[in-house]
Amino acid sequence: MPEKILLFHAEQMTIQKIRKLAENKKIRTICVAPEEYHRSLGDLAGIPSRAVPGENEILPDTSLMVFCNISEKHLNKLLFEFRTKGISIDYKAVLTETNRYWTVGRLYPELVRERKKYKENESGMNVSKKE
């Protein structure tokens, strides 16, 4: 499968910047329309995968990006370029064997939960460092 980036709920200017960076690396950028959110991430990336919806699906109301089959080298370069060029995407994920069957409505709450847990752990570490 060729390298691809799936974009959900991103602003047009951000999409254009990401597309330009991705095209330089021969990476295809796919902007997923809300009417396609019911499809599996794998299916959206071009891997036939039947969607397995989650129990509490929540559609993203903020920008989300899924890296599909991106080499480690390209992933590191893209993330560096996003930081240096001020390109902001609220949530980023990598397509895996597990989440390829998920819809974005199943992925999004998982990313929100992971971020919350990370921030809680990070703040707990800061408190223990001060003591």
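This passage describes the cysteines of a predicted model and the strand in which one of them lies. Residues are numbered from 1 along each chain as its sequence is written. In this predicted model, local features need pLDDT of at least 70 and side-chain atom pairs count only at pLDDT 80 or more, whereas totals for chains, interfaces and linings use all residues, and side-chain values use heavy atoms, with hydrogens and water left out.

A disulfide is a covalent bond between the sulfur atoms of two cysteines, taken here as a pair of cysteine sulfur atoms within 2.5 Å. A search of the whole structure finds 0 disulfides, and for C31 this is because the closest cysteine sulfur, in C68, is 13 Å away, too far for a bond. With buried meaning under 20% relative accessible area, exposed over 50% and partly exposed in between (1.4 Å probe, protein chains only), C31 is partly exposed at 33%, whereas C68 is buried at 0%.

C68 belongs to strand β3 (residues 64–68), of which 5 of 5 residues are buried; helices (H or I, at least four residues) and strands (E, at least two) are DSSP runs, numbered from the N terminus. In a regular strand the side chains alternate between the two faces of the sheet. In β3, L64, V66 and C68 point one way, and M65 and F67 the other.

Two strands pair if DSSP finds at least two bridges between them. Strand β1 (residues 4–8) pairs with β3 in the antiparallel sense over 5 bridges, with F8 bridged to L64, while β3 and strand β4 (residues 91–94) pair in the parallel sense over 4 bridges, F67 standing opposite V94.
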